[in-house]
Amino acid sequence: MANRRRRRIAKGSSISIRRKFKTKRNNRILSSRHTSKKRLYTGKVPNFWKENAFAAGYDAAIAAESSRLIKEDSSNRISSIQIVNQRWNLWYGSVKPLPWPVYYATASKFAEGYHKHSKGYFGNAVLLPTVKTVAAIVTVMNEKDTILQVIEQLNRMPLHEVIFIVNGSTDESFELIRNYSGAMIVHYQQALGHDVGRAIGAKLAESDILLFLDGDFPILAEHLVPFIDAIESGKDIALNNISPYIGLFSKRDYVTTVKEFINRSMSRADLEANSLTAVPHAMRKEAAHIIGYGNLAVPPKAQVIAIEKGMAISAPASVDVITRNRLRARNVGSMNKVSDMIIGDHIEALKTVMDLKGPRLSFPDQIRHRQITKV
């Protein structure tokens with residue numbers, strides 16, 4: 001009997017020691033900012049991340065309450081989410097970078113822990129990896145069937161500004177936005193086109209980070225976070241990486257081909273066919289100012305200027321906007337009005353490249369040695 005009891009005690013002690021060691025190991029990993037993503041994520045979010053995030057959120061709510069940063073007023077919901085986002089970034093700064101599945105899970109648990117103490121309701125809010133101000137700029141033209149879903153996803157994020165550029169709409173898009181959103185609405189009777197609307201929104205926005213979207217299809221808030229994170233991490237422009245969706249070179253359309261040609265002409269073959277013509281993309285407000293708001297109305301031209309000025313450009317995430325693109329009369333067929341317009345924009349961008357780099361663009365004349373002879 002005594003021997004059995006000693007074995008039980010020994011076994012319990014062993015478990016206790018293992019748990020203690022595991023806790024220390026987890027805390028050591030948690031506190032490291034330089035831990036590789038492979039080490040942190042293996043397909044399933046470890047419980048210790050969730051538990052630590054929940055506890056951190058709970059403690060953050062206590063700290064916020066003691067400093068009287070939050071009010072028990074439902075009308076203060078937006079500012080409350082922004083406060084939670086600030087507290088989240090204080091904690092996340094000590095553990096980042098996390099792979100996105102782990103990031104979303106821990107951010108959700110942090111908000112849950114915060115809610116546990118504060119009793120505030122944050123729904124399915126998606127916290128952002130930045131304390132900088134973020135503006136969403138959305139162009140809208142007859143999007144009554146999708147605009148409420150777009151608004152729903154934008155409302156999940158602690159944005160400081162949302163600007164809708166409603167142009168050429170003949171349906172109820174304007175009324176739906178006005179009734180279901182507190183956003184700024186810029187309304188034009190005539191159709192401006194997506195790119196002109198984005199340029200107007202960029203100039204009006206006062207936030208540090210600009211996020212550009214279209215109103216024709218909703219994008220999950222989680223899928224927008226990497227673009228914001230890229231700007232937070234030091235990039236000037238974050239493009240949508242459409243490379244996984246465009247297929248083999250021999251099967252690409254003229255628009256895709258000319259996009260890649262412009263990038264190669266600027267010695268940025270790494271950008272492939274990724275372009276400011278595709279949403280979603282994000283940009284520093286200061287970068288938009290340097291490029292020139294008017295130039296944003298011609299996206300490939302704006303991209304050429306950004307590259308020439310040495311701006312940091314990346315394509316951090318992929319959102320399928322090709323198969324989900326809404327079919328309209330003007331964008332169907334091999335040579336339609338939209339593709340003609342985009343190709344025309346790239347011809348204008350090519351002229352800008354030639355003005356900057358000469359007729360050879362970025363391609364050296366390695367074999368032939370031309371001599372100009374005056375007659």
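The legends below describe close-up views of a predicted model of one protein chain.

**View 1. The whole chain combines helices and strands.**
The protein chain holds 13 helices and seven strands. Of its 375 residues, 48% count as buried. The chain exposes about 20,300 Å², and carbon and sulfur atoms supply 53% of that area. Among contacts between residues at least 6 apart in sequence, 75% join residues at least 24 apart.

**View 2. Seven strands form an open, mixed sheet.**
The strand order is 3-2-1-4-6-5-7. Strand 3 (184–188) and strand 7 (313–317) are the edges, each pairing on one side only. From one strand to the next, the twist averages 20°. In general, strands of a sheet pair through backbone hydrogen bonds, either parallel or antiparallel. Helix 8 lies across strand 1, strand 2 (161–167), strand 3, strand 4 and strand 6 (281–284). Helix 8 runs at about 150° to strand 1.

**View 3. Strand 4 pairs with strand 1 and with strand 6.**
Strand 1 (residues 134–140) and strand 4 (residues 209–214) run parallel and are joined by six bridges. V138 has L213 of strand 4 as its bridge partner. A135 stands opposite L210, also in strand 4. Toward strand 6 the pairing is antiparallel, with four bridges. Here I209 has R284 of strand 6 as its bridge partner.

**View 4. Strand 4 is largely enclosed by the rest of the structure.**
Six of the six residues of strand 4 are buried, so the strand is largely enclosed. In a regular strand the side chains alternate between the two faces of the sheet. In strand 4, I209, L211 and L213 point one way. L210, F212 and D214 point the other way. Both sets are buried, the aspartate D214 included.

**View 5. L239 sits in strand 5.**
Strand 5 covers residues 237–240. L239 counts as buried, at 0% relative accessibility. L239 and A282 are 43 residues apart in sequence. Their C-alpha atoms are 6.8 Å apart in space.

**View 6. Helix 13 has a buried side.**
Helix 13 spans residues 337–357, a run of 21 residues. At 1.5 Å a residue it should span 30 Å, and its end C-alpha atoms are 30 Å apart, which agrees. The buried residues of helix 13 are S339, I342, I343, D345, H346, A349, T352 and V353. They cover an arc of only 165° around the axis, which puts them on the same side of helix 13. An α-helix has 3.6 residues a turn, so residues three or four places apart point the same way. On the other side of helix 13, K337, I347 and D355 are exposed.

**View 7. Other helices help to cover helix 13.**
Which helices are included in what covers the buried residues of helix 13? They include helix 8 (194–204), helix 10 (254–265) and helix 12 (299–308). Helix 8 also lies across strands of the sheet, among them strand 1 and strand 4. Helix 13 is followed by G358, whose phi is positive, near 90°.

**View 8. Helix 9 is largely enclosed by the rest of the structure.**
Helix 9 runs over residues 221–232. Its twelve residues should span 16 Å at 1.5 Å a residue; the end C-alpha atoms are 17 Å apart, which agrees. Ten of the twelve residues are buried, so helix 9 is largely enclosed. The buried residues are A221, E222, L224, V225, P226, F227, I228, D229, A230 and I231. Just after helix 9, G234 takes a positive phi of about 120°.

**View 9. Helix 4 carries N85 and W91.**
Helix 4 covers residues 77–92. Is N85 buried or exposed? At 5% relative accessibility, N85 counts as buried. Leaving aside neighbours within four places in sequence, N85 is in contact with L127, L128, T130 and P158. W91 is also buried, with a relative accessible area of 15%; the cut-off for buried is under 20%. W91 and F110 are 19 residues apart along the chain. Their C-alpha atoms are separated by 9.3 Å.

Technical notes:
Residues are numbered from 1 along each chain as its sequence is written. This is a predicted model: local features need pLDDT of at least 70, side-chain atom pairs count only at pLDDT 80 or more; totals for chains, interfaces and linings use all residues. Side-chain values use heavy atoms; hydrogens and water are left out. Helices (H or I, at least four residues) and strands (E, at least two) are DSSP runs, numbered from the N terminus. Buried means under 20% relative accessible area, exposed over 50%, partly exposed in between (1.4 Å probe, protein chains only). Contact means heavy atoms within 4.5 Å. Accessible areas come from the Shrake-Rupley method with a 1.4 Å probe; for residues, only the protein chains shown count as cover. The expected span of a helix is 1.5 Å times one less than its number of residues. The arc is that of the directions from the helix axis to the C-beta atoms. Two strands pair if DSSP finds at least two bridges between them. Axes are lines fitted to C-alpha atoms, for helices over the stretch in contact, and angles run from 0 to 180 degrees between N-to-C directions.
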